[in-house]
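Good morning, everyone, and thank you for making time for this. I would like to walk through one structure with you, beginning with how far we may trust it and then turning to a helix and to the DNA.

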Protein chains: 2
Amino acid sequence: MNPATTGSPAPRQRLSRDVVLAAALDLADREGDGGLSMRTLATELGVVPMALYKHVANKDELIDGIVDLVWAQVEPPDTSDDVTHWRPAMRSRAASLRRTLRRHPWAVGLLETRMRPGPANLAQHDAMMGCLRRAGFSFRTTVHVTSVLDAYVYGFALQEQTLPFDTAEESGDVARQKLEQQPAEFAAAFPYLVEVVTELGAAGYDYDSEFATGLDLILDGVEHLRPAWSTVDAPPPAAGASR
Amino acid sequence: MNPATTGSPAPRQRLSRDVVLAAALDLADREGDGGLSMRTLATELGVVPMALYKHVANKDELIDGIVDLVWAQVEPPDTSDDVTHWRPAMRSRAASLRRTLRRHPWAVGLLETRMRPGPANLAQHDAMMGCLRRAGFSFRTTVHVTSVLDAYVYGFALQEQTLPFDTAEESGDVARQKLEQQPAEFAAAFPYLVEVVTELGAAGYDYDSEFATGLDLILDGVEHLRPAWSTVDAPPPAAGASR
DNA sequence: ACCTGAACACCGTTCAAGT
DNA sequence: ACCTGAACACCGTTCAAGT
């Protein structure tokens, strides 16, 4: 009986690179970076650890693979009207990157770390630079803009990933609780931290609006880097021309 | 013969929490995140693995400890003249944080991640918020500014940490080399990436100026968040007053 | 062509003992 | 009070075999 043609409940489907990568991504999302091991991945697939090595060279290549699966989930910037719409395009691309990193927190430190970027990673960056170049940004400025925007998203995701609360209401409780655990000297030594905790306890901390505030601040700055013709809606220069 | 009073070359000094943490920090700097293990740390200290557990509860607490040693290396903002000098103070604090992260690349993903922040971490954040509050920023704005500035530094350090070159000249070589390895379809599929590689090959990539460009862009944006009285050099409001 | 078994050199950590 | 030894339940990966 060929297992490929049988209608069994398939806890034991035929192995392939895609099946291995999909299971690895799922495991990482559930258990985090530390929970992803070749051995537990193998048992989840109903197979002995060494069976994985026929589809993936080693753990490093496995991680390369799932990182590119994550890149594939990031929505590229809308390039339908590059000249006037670069700003909303960059804004929603940054938001999509942040959402993706929130879905896969283990990937934050890995997205830019891999030595051999996968095709989805390359396509994503090409689309981003293309959007900016066609909007009239010079080559140098395009590099600056991608650098500062991505740095902000990564850094924000890093901070967001590990703060011990998920919602604005929860943040108030956590803050108040933390403060009560501290000894009395704490208030005298760190008055401004006490202020933060107190105010956050009252008003809460909203990740979404915090992210948007910083993002818009940066986009305002980017706007100033654009050449002057942009404000009068002139056509973009030929690709690769201005420098 | 008491080893504490003997003048031996001290490969085997008396163990203490500080000695363990210092050796762990050194090991992490040399071997990276993955190279820091309780077992190799023990052998470097000339001791059996279990000896460490008298000075440190477990590996997690060890990492808490060395992360706070890293925080202690970040120069806090200069608070000598908060009203007019908040910008250079923030600028050089961000630069110091980046330099520190460059010295301890393994720490980038860990500085904000620890659940129990150490004293150096708390002091650093208190100094930062204090500098901004006394410069007249409202509480909410102070939170926004620290969020966006730190996010940028973390994200930049993350990108810098893993790019495969250290100097501007080297970046050109690496870029040219990478490009030559690619198949011919590459140029057609990712024209804007090819442009980056080509231009970088010609002009090089300077981390320092790239960092400064993004930092100044953000600081320009922060300037706009300041209350209007700041430009006429009025005194700051009483701490905790404005909201 | 694909999967398995046994083995090697590693981990962090517990527990019972040594001095 | 501080360090040790042996053990347990984990890792990634190699190599020689099975089907």
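Over residues 230-243 of chain A the pLDDT stays under 50, although the model has 22 contacts for this stretch beyond four places in sequence. Please keep in mind that this is a predicted model. Chain A as a whole averages a pLDDT of 85, and 85% of the residues score at least 70. Residues 1-11 of chain A, however, also have a pLDDT below 50, and beyond near neighbours in sequence that stretch has two contacts in the model.

Let me turn to helix H1 of chain A, which covers residues 17-31. Its 15 residues, at 1.5 Å a residue, should span 21 Å, and because the end C-alpha atoms are 21 Å apart, the expectation and the model agree. Among the buried residues of this helix are A:Val20, A:Ala24 and A:Leu27, and what covers the buried residues includes helix H2 (38-44) and helix H3 (59-71) of chain A. After the helix comes A:Gly32, which has a positive phi, near 85°.

Now, which residues are closest to DNA strand C? Of the 19 residues that surround the strand, the closest are A:His55, B:Arg39, B:Thr40, B:Met50 and B:Tyr53. Phosphate oxygens of this strand lie 3.0 Å from a backbone N or O atom of B:Met38 and 3.0 Å from one of B:Lys59, while a polar side-chain atom of B:Ser37 lies 3.3 Å from a phosphate oxygen. Helix H2 of chain B, residues 38-44, provides the largest share of the surface near the strand, with three residues.

Note on methods:
Residues numbered from 1 in each chain as written. Chains lettered and ligands numbered in written order. Predicted model: local features only at pLDDT ≥ 70, side-chain atom pairs only at ≥ 80, totals over all residues. Heavy atoms only, no water. Helix = DSSP H or I, 4+ residues; strand = E, 2+ residues; numbered from the N terminus. Expected span 1.5 Å × (residues − 1). Buried < 20%, exposed > 50% of the residue type's maximum accessible area, 1.4 Å probe, protein only. Contact = heavy atoms within 4.5 Å. pLDDT = per-residue confidence, 0-100. Near = heavy atom within 4 Å. Polar contact = N/O pair within 3.5 Å; in protein donor to acceptor, adjacent residues only side chain to side chain.
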